[in-house]
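Look over the sequence and the model below. Then follow this short report through its helices and loops.

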Amino acid sequence: MSPWDAPSVQWVKRQFSQSPFEPTRRVWPTGVRLVVMVVLFILVTGLAAGTRSMAGDDPVLSLLFGAATAAIALTVYAAAVRFLEQRPVSELDAADTVPGLRRGTLVGLGLFVATLALIALFGGYGTKGGVSVGGAFTVLGLTAGVAVVEEILFRGIVFRFVEQLTGTWGALAVSGVLFGALHLVNSGATVWGALAIAMEAGLMLGAAYAATRTLWLPIGLHLGWNFALSGIFGVTVSGNEDTPTGLLRGVLSGPTAITGGGFGPEASIFAILVCAVPAVMFLRSARRQGRVYTRSGLRSGGTRTLS
């Protein structure tokens, strides 16, 4: 028997299948499903943190554990959606995987390069020491796991369920604020840094999901941004001073408003301005496609009302 025919592999394939299926149980209320899935992914986040700690600065282990974390998170989410919501997991349609990740990663890389270029233009960025290819791979593994887990939690769970309760604008606000607040636990966190994350990343990633209704694009954006930030240019990610050193060892100097200070470039005014551009574009696209919903439209049983 081929390994691809093993029962476990077939079970995983079924979780991501887009084929319609007959519901076998009652769908729980939105608030109950939200709580259950948030608790479930808090556990997954704990697992991810444990594997990151085990991998340390080893690039091979980091890549392996990062890939494993991403695979576990995606499979757990897909199984939970099918069980709790009795529907195919359309937001993880395999047909969108490669184009969504490719587009998102390239855009995320480009956005951070533009941000750092502006910081460097004002004399805020430099490097010291040599390069570390192993460090870049270590950060890539770490970033892959983080991007998948956080996007599932904040866009796949929080955004989706809050949208059902409040509409799209409420979901953007709540998921963005909570995403920013998450980064307050980092060792070098600041209130301004958390607010900046909420405005630039929380809003942009939520808008990307609203425009496409797929998680692959936000995952790619998150991956590309974070990898460029630490994996290539070697600067602090969201006040997390324990992030492994990437390809370069970056040094920030100058006014905090320009460089982001100890929190890193994500607290720079340039990061907010740069990320505002795609956020507005995604929201305009969502409105054109009728994907900005009101609370009443989402609760009307099929007809979704453009707000």
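Is Glu91 buried or exposed? Glu91 is buried, because its relative accessible area is 1% and the cut-off for buried is under 20%. Keep in mind that this is a predicted model.

## Glu91 and its loop

Glu91 sits in the loop that links helix 3 (59-85) and helix 4 (97-121). Its side chain makes a polar contact with the side chain of Arg87, at 2.9 Å.

Glu91 also has contacts beyond four places in sequence. Tyr77, Val81 and Arg160 are among them. So are Tyr209, Arg213, Thr214, Leu215 and Trp216.

## Two loop residues with positive phi

Gln86 lies in the loop between helix 3 and helix 4. Its phi is positive, about 55°, although Gln86 is not a glycine. Gln86 is buried, with a relative accessible area of 10%.

Arg213 belongs to the loop between helix 7 and helix 8. Arg213 is not a glycine, yet its phi is positive, at about 55°. Is Arg213 buried or exposed? Its relative accessibility is 16%, so Arg213 counts as buried. Arg213 is also one of the residues in contact with Glu91.

## Helix 2 against helix 5

Two packed helices are described by the angle between their axes and the distance between the axes. Helix 2 covers residues 30-55. It packs on helix 5 at an angle of about 170°. Their axes are 10 Å apart. Helix 2 is therefore roughly antiparallel to helix 5, because angles over 145 degrees count as roughly antiparallel.

Which residues of helix 2 make the contact? They are Thr30, Arg33, Leu34, Met37, Val38, Phe41, Val44, Thr45, Ala48 and Arg52. Helix 5 brings Leu142, Val146, Val149, Ile152, Leu153, Ile157, Val158, Phe161, Gln164 and Leu165. By class, the contact of helix 2 with helix 5 has 15 nonpolar, 3 polar and 2 charged residues.

## Helix 5 against helix 8

Helix 5 (residues 133-166) also packs on helix 8 (residues 216-232). The angle is about 145°, and the axes are 9 Å apart. The crossing of helix 5 and helix 8 is right-handed.

From helix 5, the residues that meet helix 8 include Ala136, Val139, Leu140, Thr143 and Ala144. Glu150 and Glu151 of helix 5 take part too. Helix 8 offers Pro218, Ile219, His222, Leu223, Asn226, Phe227, Ser230 and Gly231. The contact of helix 5 with helix 8 divides into 11 nonpolar, 5 polar and 2 charged residues.

## Ser230 in helix 8

Take one residue of helix 8 by itself. Ser230 lies in this helix. Ser230 counts as buried, because its relative accessibility is 2%.

What does Ser230 touch, leaving out residues up to four places away in sequence? It touches Val139, Val235, Val237, Thr243, Pro244, Gly246 and Leu247. Val139 also belongs to the part of helix 5 that meets helix 8.

## Helix 6 against helix 7

Helix 6 (residues 168-182) packs on helix 7 at an angle of about 135°. Their axes are 7 Å apart. Helix 6 and helix 7 are therefore oblique to each other. Their crossing is right-handed.

On the helix 6 side, the contact is made by Thr168, Leu172, Gly176, Val177, Phe179 and Gly180. On the helix 7 side, Ala194, Ile197, Ala198, Ala201 and Gly202 are among the residues involved. How many charged residues does the contact of helix 6 with helix 7 have? It has no charged residues, with 11 nonpolar and 5 polar ones.

## Phe154 and Met199

Phe154 is placed in helix 5. Its relative accessibility is 6%, so Phe154 counts as buried. Phe154 and Phe179 are 25 residues apart along the chain, but their C-alpha atoms are separated by 6.8 Å. Not counting neighbours within four places in sequence, Phe154 is in contact with Phe159, Ser175, Leu178, Phe179 and Leu182.

Met199 lies in helix 7 (residues 191-212). Met199 is partly exposed, because its relative accessible area is 39%. Met199 is 26 residues from Ala173 in sequence, and their C-alpha atoms are 9.2 Å apart. Beyond its neighbours within four places in sequence, Met199 is in contact with Trp192 and Ile272.

Key: Residues numbered from 1 in each chain as written. Predicted model: local features only at pLDDT ≥ 70, side-chain atom pairs only at ≥ 80, totals over all residues. Heavy atoms only, no water. Helix = DSSP H or I, 4+ residues; strand = E, 2+ residues; numbered from the N terminus. Buried < 20%, exposed > 50% of the residue type's maximum accessible area, 1.4 Å probe, protein only. Contact = heavy atoms within 4.5 Å. Axes fitted to C-alpha atoms, helices over the stretch in contact; angles between N-to-C directions. Parallel < 35°, antiparallel > 145°, perpendicular 65-115°, else oblique. Left-handed = near helix turned anticlockwise from the far one by under 90°. Nonpolar A, V, L, I, M, F, W, Y, C, P; charged D, E, K, R; others polar. Polar contact = N/O pair within 3.5 Å; in protein donor to acceptor, adjacent residues only side chain to side chain.
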